[in-house]
Amino acid sequence: MNDIQYMKQALELAKKGTGYVNPNPLVGAVIVKNEKVIGEGYHEKYGGPHAEINAFASLKESSTDATMYVTLEPCSHYGKTPPCVDAVINAGIARVVIASLDPNPLVAGRSILKMQEAGIEVKVGILKEEADELNAVFFHYITTKTPYVIMKYAMTADGKIATHTGASRWITGEVARSQVHEDRHRYAAIMVGVGTVLADDPMLNCRIAGGNNPIRIICDSHLRTPLDSKIVTTAQEIPTIIATTSEDRQKCHEFSAKGIQILSVTKKGEKIDLNLLMTKLGEQGIDSILLEGGATLNASALASGIVNKVQTYIAPKLFGGIAAPTPIGGTGVAHPKDAYLLKNTKITILGEDLLIESEVSKCSQES
């Protein structure tokens, strides 16, 4: 095996931490000696040992003069655990192959310099593109301190998210819906508008075995969320936040008594200031949000520039109807040249449905 093959193995290990390490990065490590894997590990959960430490714990023989493959530059600072770079040096590793550098400009390259000064050969950039994609959420969060936002919607081939009567279950098939729950497990939070709560009374939980429920965030300017809704009655079991501009103390107290966190946000026009909301959520350690809002919230999110990625599920069916809702509401752009541009598109077939994933070309949080 060569460097690329061992790094692929490290990347596959890193993926095992999906949904359990937020807001930390996904990292995998493989230790090789005499063309044989003698240790491997990954970052398994937030606050737990890092990938390098778990790899050392699994060693089958001495790591002296071995090569370590790690998907992200070893940490060089004290956090919840000691610096991994010191463990690498102390373990007698002769060579370290790294996929991605630490995205924090205050940290990037420090571990490499320290290892080189200790006589370790360091190679950087093997499968960098794959490693960067794996940690897109972490890279965004660590540099902006705001969540990475994925706007997700399911629509028919003629662009409808419901019929003209408002009926929307189910647009996509079971395979696509299962993928949505994988993402609910993967990302830290899920966000909808109060309109979705009133129309569908959703649970917004993760329905896969062993999966983590995302933190539920409801954008509700006037606190119209029903006290007997599933969101409210299960708030003691699943962390739930209502973001509001309302100053009605009595209503706020009623929600707080049910276990809901009320997050006061100022207005931007007649709506919640979504940019300020992202800052407040980022301060709480929420690194990613799956936006499953309706057309109104989707339009506001795009206009405010908080959307980083778009997931479009397309079902091979037609609803028709000029009054049937589409994914993006609001006024929309006036000219084609003003369109929101998408890039790096990836298409996945899920049963009979398609999933189209694209990055948003411009994001105001990063401009």
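A charge sits over a ring if NZ of Lys or CZ of Arg is within 6 Å of the ring centre and within 35 degrees of the ring normal. That one helps with the first close-up; bear in mind throughout that this is a predicted model.

**Figure 1. Arg177 puts its charge over the ring of Trp170.** Here the charged end of the arginine lies 4.5 Å from the centre of the tryptophan ring.

**Figure 2. Here's the whole protein, before we zoom in again.** Twelve helices and 16 strands make up its secondary structure. The C-alpha trace spans about 65 × 45 × 40 Å along its principal axes. For 367 residues, a compact globule would have a radius of gyration near 21 Å, and the protein's 23 Å agrees with that. Of those 367 residues, 51% are buried. Take the contacts with a separation of 6 or more: 70% of them are between residues 24 or more positions apart.

**Figure 3. Tyr6 and Tyr69 form a tilted pair of rings.** The structure holds two aromatic pairs, and this is one of them. The ring centres of Tyr6 and Tyr69 are 5.1 Å apart; their planes meet at 35°, so the pair counts as tilted. Distant parts of the chain come together here, 63 residues apart: Tyr6 belongs to helix H1 (residues 3-15), Tyr69 to strand S3 (residues 67-72). Tyr6 is buried, at 4% relative accessible area. Tyr69 is buried too, with a relative accessibility of 4%.

**Figure 4. Asp86 and Lys114 link two helices through a salt bridge.** There are 13 salt bridges in the structure. In the one shown here, the closest N and O atoms of Asp86 and Lys114 are 2.7 Å apart. Asp86 sits in helix H3 (residues 84-90) and Lys114 in helix H4 (residues 110-117), so to speak 28 residues apart along the chain. Asp86 has a relative accessible area of 24%, and because buried means under 20% and exposed over 50%, it counts as partly exposed. Lys114, at 35%, is also partly exposed.

**Figure 5. Helix H4 has a buried side and an exposed face.** Look for Ser111, Ile112 and Met115, which are buried in H4. These residues span an arc of only 100° around the axis, so they are on the same side of the helix. On the face turned away from that buried side you'll find Arg110 and Glu117, both exposed. The cover over the buried residues of H4 includes H3, strand S4 (95-100) and strand S5 (121-124). Just past the end of H4, Gly119 adopts a positive phi of about 90°.

**Figure 6. Asp132 and Lys128 meet within a single helix.** Their side chains form a salt bridge, 2.5 Å from N to O. Both residues lie in helix H5 (residues 128-134), four residues apart, which is about one turn of the helix. Lys128 is partly exposed, with a relative accessibility of 43%.

**Figure 7. Glu292 and Arg184 make a buried salt bridge.** The closest N and O atoms of this pair are 2.9 Å apart. Glu292 is in the loop between strand S13 (288-291) and helix H12 (295-304), while Arg184 is in helix H7 (residues 174-186); the two are 108 residues apart, so this bridge links distant parts of the chain. Both residues are buried. Elsewhere, salt bridges with shared partners join Asp3, Arg95, Glu121 and Lys123 into one network.

Methods. Residues are numbered from 1 along each chain as its sequence is written. This is a predicted model: local features need pLDDT of at least 70, side-chain atom pairs count only at pLDDT 80 or more; totals for chains, interfaces and linings use all residues. Side-chain values use heavy atoms; hydrogens and water are left out. A salt bridge is a side-chain nitrogen of Lys or Arg within 4 Å of a carboxyl oxygen of Asp or Glu. Buried means under 20% relative accessible area, exposed over 50%, partly exposed in between (1.4 Å probe, protein chains only). Rings of Phe, Tyr and Trp (its six-membered ring) pair if their centres lie within 6.5 Å; planes under 30 degrees apart count as stacked, over 60 as edge-to-face and the rest as tilted. The arc is that of the directions from the helix axis to the C-beta atoms. Contact means heavy atoms within 4.5 Å. The radius of gyration is taken over C-alpha atoms; the globule rule is 2.2 Å times the number of residues to the power 0.38.
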